[in-house]
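User: I am new to this structure. Please take a close look at one part of it, the nonpolar surface patch, and set it in its surroundings.

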Amino acid sequence: MELAFYLSGLAAVLATLGVIANPNPVHGVLYLVVSLLAVAMVFFTLGAPFAGALEIIVYAGAIMVLFVFVVMMLNLGQAAAEQERQWLQLRTWIGPSLLAAVLLLTLIGLLWRGDIQRVIEGGELTAKGAGTLLYGPWLLLVELSALLLLAALVTASHVGRIKPVAAPKPAARDMPTGAADKPSTPDGKEVL
């Protein structure tokens with residue numbers, strides 16, 4: 001079980017370095033998925049299957065879907081289509097595939113040996129235990145976090161609705177007589 005912990009931790013660190021060092025957003029998203037799955041494996045090896053499942057469902061699932069949608073929305077036009085063709089090359093998938101293979105082999109090794117129930121230290125974290133802990137002594141912190149997230153949601157909604165203010169154009173009545181009819185250059189000189 002310790003080997004699984006260290007291999008998962010190593011895969012998480014290497015995948016996270018791939019996220020940081022990669023200038024391509026799609027490659028970064030691929031490495032981030034592998035990193036989140038590796039962190040979930042770390043939780044499983046530490047005897048926290050609930051935390052590991054939440055890591056997969058919330059982060060590797062829901063949040064990564066949002067990241068993919070953002071990347072899809074930002075890549076518009078012919079240049080983006082050409083760039084996507086380059087991303088489909090085999091060399092793009094080598095790094096994430098190798099790290100995912102390390103995680104898969106670690107999981108298969110754990111299941112094959114049958115020692116999946118062994119943990120490094122500590123007890124099993126269940127949903128009931130996590131709820132009792134969060135809504136017991138940490139209730140005030142959970143409530144403050146919820147208020148902070150609500151404030152962030154309201155702020156993001158408000159900022160998203162603000163339209164940029166354009167500079168007002170001078171009205172024809174504010175221009176000198178006959179200036180509205182004559183063509184001019186960008187620096188304000190009249191064209192003859």
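Analyst: What follows goes from the whole chain to the patch and then to two residues.

This is a predicted model, in which local features need pLDDT of at least 70 and side-chain atom pairs count only at pLDDT 80 or more, while totals for chains, interfaces and linings use all residues. Residues are numbered from 1 along each chain as its sequence is written, and side-chain values use heavy atoms, with hydrogens and water left out.

Start with the chain. It has seven helices and zero strands. Helices (H or I, at least four residues) and strands (E, at least two) are DSSP runs, numbered from the N terminus. The protein chain has 192 residues, and 21% of them are buried. Buried means under 20% relative accessible area, exposed over 50%, and partly exposed in between (1.4 Å probe, protein chains only). About 14,200 Å² of the chain is exposed, with 72% of that supplied by carbon and sulfur atoms. Accessible areas come from the Shrake-Rupley method with a 1.4 Å probe; for residues, only the protein chains shown count as cover.

Now the patch. L37, F44, L54, I56, I57, V58 and Y59 make a nonpolar surface patch of about 580 Å². Patch residues have over 30% relative accessible area and no salt bridge; like charges are joined within 9 Å, and nonpolar side chains (Val, Leu, Ile, Met, Phe, Trp, Tyr) within 5 Å. A salt bridge is a side-chain nitrogen of Lys or Arg within 4 Å of a carboxyl oxygen of Asp or Glu.

Two elements give two or more residues each: helix 2 (25-45) and helix 3 (49-74). Helix 3 has the largest share, five residues.

Take L54, a patch member. It lies in helix 3. Its relative accessible area is 38%, so L54 counts as partly exposed.

Compare A40, in helix 2. A40 has a relative accessible area of 0%, so this residue is buried. Apart from neighbours within four places in sequence, A40 is in contact (heavy atoms within 4.5 Å) with G52, E55 and I56. I56 is also one of the patch residues. A40 and A60 are 20 residues apart in sequence, yet their C-alpha atoms are 9.1 Å apart.

Last, the record. The unreviewed UniProt entry annotates residues 28-50, 57-81, 93-112 and 133-154 as "transmembrane region". Its positions are given in the numbering used here, feature names are shortened, and annotations may be inferred rather than shown by experiment. In the model, residues 93-112 are 100% helix, with end C-alpha atoms 27 Å apart.
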